[in-house]
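Please open the model in your viewer and keep the sequence panel beside it. This tour suggests what to select at each stop and then says what is there.

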Amino acid sequence: MNSVSSAAGTFGHFTIKAVSQATGLTVETLRAWERRYEVVQPSRDASGHRTYSAADVARLRLLRTATELGHTISRLATLPDDDLAKLVAQSGGQARQLPTRGQGFVERAIDATMHSDPGTVEELLTSAVALLPPTEVINAVIVPLVREVGERWHRGEVSIAQEHMVTDIVRRLVISVSRGYLRSDNGPSLVLSTLSGERHELGILLCSWLAATRRYRTHYLGVDCPADEIARFALEVEAHAVLVSLVMPENAVPALAQLNDLARRLSGRCEVWVGGFAARDLAPEDVPAGCILLPGSSDFERRLDLMAAQHYS
Ligand code: B12
């Protein structure tokens with residue numbers, strides 16, 4: 001996970017800039033809270049710069065939320081983490097805290113995209129990966145970011161080159177992070193691809209990451225692959241499921257014939273899971289027999305957990 005460690009210093013130790021991005025507290029506030037109230041005590045690296053642990057980041061997030069709820073920092077500073085968490089939970093602050101964590105990364109990454117600044121986009125995304133759980137990075141950072149970039153491209157505010165820049169950064173990051181998980185040699189295995197005509201690959205790459213967090217073996221075939229080729233490969237590697245992503249709405253209906261073909265070739269030997277933005281437009285009764293429609297990311301995660309539980313039981 002080289003790219004993660006490069007943004008976050010040694011993995012699990014974060015620079016003040018990364019902590020500022022993750023908590024929404026400015027660098028000046030972080031320094032002032034430390035000096036006046038000793039809210040956390042970061043260590044120092046060889047050059048004398050502060051380095052924060054993941055526990056420091058979690059405490060600072062709680063402190064930020066609690067101050068937003070109206071409590072004074074001088075009173076909060078001495079409370080242990082458990083008491084802070086209780087205070088925030090009792091005030092319903094946890095729910096308010098979550099959306100802001102991803103939003104900060106997205107807003108800054110959009111700004112860096114508009115300034116054609118790939119270094120900052122990459123740094124923001126690697127920090128998000130280091131500081132937030134994968135599901136939150138995907139749903140609260142990456143998906144909103146690429147959708148917003150797509151909308152701005154559509155309105156002519158983002159150039160094709162800027163859109164390609166962001167997609168390439170997301171693509172490389174997701175592949176690199178997914179490779180960092182230990183695989184189980186006898187875990188369930190997945191084949192991921194898109195059907196002929198569909199060139200959007202980020203959806204299945206994100207699925208591959210979520211599967212890797214659960215120690216699945218994944219075979220990524222890239223995009224635009226004929227159904228018979230996907231089926232042949234899946235049978236060769238004895239895959240437990242084939243994942244197909246539909247993004248372009250106009251591809252969804254033509255994809256039904258390809259899905260039918262895929263499901264028929266794999267019948268009884270391997271499941272076919274269908275998801276992606278355009279899959280939401282399909283009615284369950286339109287989906288060919290043998291295919292399982294998973295329109296939301298929580299449907300997908302539940303299915304992954306179910307398959308893993310059945311596999312290992
Ligand atoms: C990046 C991008 C591209 C890149 C893709 C590069 C790559 N390596 O993937 C390139 C430049 C190739 C491209 C091309 C095109 N694109 Co494009 N593109 C996008 C953009 C910005 C992001 C797409 C993306 O990856 N989103 C996908 C992910 C992150 O979200 P998602 O699919 O919903 O996936 C989530 C879930 O659904 C789930 N999931 C996904 N798949 C699966 C599968 C399973 C089994 C499961 C369980 C779950 C699951 O996982 C994800 C996380 O939760 C979008 C903007 C947008 N609004 O999405 C436009 C967009 C999709 N593109 C669009 C267009 C028009 C095109 C082109 C026609 C442009 C052109 N004139 O050439 C071509 C068509 C290519 C083709 N035939 O497929 C339009 C589609 C408009 C429409 N009809 O609705 C969009 C919406 C932009 C816009 N606002 O106009 N594009």
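## The whole chain and its domains

Begin by colouring the chain by domain: it is divided into domain 1 (2-94), domain 2 (100-179) and domain 3 (189-312). Bear in mind throughout that what you see is a predicted model. With the whole chain selected and drawn as a cartoon, you will find 14 helices and eight strands. Taken along the principal axes, the C-alpha atoms fill a box of roughly 70 × 50 × 40 Å. Of the 313 residues of the chain, 38% count as buried, and among the contacts with a separation of 6 or more, 69% are between residues 24 or more positions apart.

## A small sheet and the loop beside it

Next, select strands E1 (13-14) and E2 (43-44) together with strand E3, residues 50-53. These three strands form an open sheet in the order E1-E3-E2, with antiparallel pairing. The edge strands are E1 and E2, each of which pairs on one side only. If you look at E1 and E3 together, you will see that they run antiparallel and are joined by two bridges; to place the two strands against each other, show the side chains of Phe-14 and of Tyr-52 in E3, which stand opposite one another.

From this sheet, move to the loop between helix H3 (27-37) and E2, where Glu-38 has its place. What is the phi of Glu-38? It is positive, at about 50°, although the residue is not a glycine. Most residues other than glycine have a negative phi. Glu-38 counts as exposed because it has 10 C-beta neighbours inside 10 Å.

## Where domain 2 touches domain 3

Now hide domain 1 and select domain 2 and domain 3, whose centres, taken over C-alpha atoms, are separated by 24 Å. The contact takes twelve residues from domain 2 and nine residues from domain 3. On the side of domain 2 that touches domain 3, the elements that give two or more residues are H9 and H10, and H10 gives the most, with seven residues. The residues on this side of domain 2 divide into eight nonpolar, three polar and one charged.

Select H10 on its own, at residues 160-179. This helix has 20 residues and reaches 29 Å from its first C-alpha to its last, which is close to the 28 Å expected at 1.5 Å a residue. Its buried residues are Gln-162, Met-165, Val-166, Ile-169, Val-170, Leu-173, Val-174, Val-177 and Ser-178.

Then turn to helix H9, where Arg-147 is found. Is Arg-147 buried or exposed? It is exposed, because 12 other C-beta atoms lie within 10 Å. A distance to try in the viewer runs from Arg-147 to Ala-130: the two are 17 residues apart in sequence and 22 Å apart in space, C-alpha to C-alpha.

## Around the ligand

Select the ligand and then the residues around it. How many residues surround the ligand? There are 36, and the closest are Gly-150, Leu-202, Gly-203, Ser-245 and Gly-275. The elements that give two or more residues to this shell are helix H9 (134-154), helix H10 (160-179), helix H11 (202-213), strand E6 (241-245), helix H13 (249-266), strand E7 (271-275) and helix H14 (297-312). H9 gives the most, with eight residues. If you colour the shell by residue class, it divides into 18 nonpolar, ten polar and eight charged residues, and if you colour it by domain, you will find at least three residues from each of domain 2 and domain 3.

## A parallel pair and the last loop

Keep the ligand in view and select E6 and E7, which pair in the parallel sense over five bridges. Ser-245 has Gly-275 in E7 as its bridge partner, and both residues are among those closest to the ligand. E7 is mostly covered, with four of its five residues buried.

Finish in the loop between helix H12 (227-236) and E6, where Glu-238 is found. Glu-238 has a phi near 55°, a positive value in a residue other than glycine, and Glu-238 is exposed because 9 other C-beta atoms lie within 10 Å.

Conventions
Residues are numbered from 1 along each chain as its sequence is written. This is a predicted model: local features need pLDDT of at least 70, side-chain atom pairs count only at pLDDT 80 or more; totals for chains, interfaces and linings use all residues. A residue is near a molecule or strand if its C-beta atom, placed from the backbone, lies within 6 Å of it. Ala, Val, Leu, Ile, Met, Phe, Trp, Tyr, Cys and Pro count as nonpolar, Asp, Glu, Lys and Arg as charged, and the others, Gly among them, as polar. Domain bounds come from an automatic or database domain assignment. A residue is buried if 20 or more other C-beta atoms lie within 10 Å of its own, exposed if 12 or fewer, and partly exposed in between; C-beta atoms are placed from the backbone. Two residues are in contact if their C-beta atoms, placed from the backbone, lie within 7 Å. The expected span of a helix is 1.5 Å times one less than its number of residues. Two strands pair if DSSP finds at least two bridges between them.
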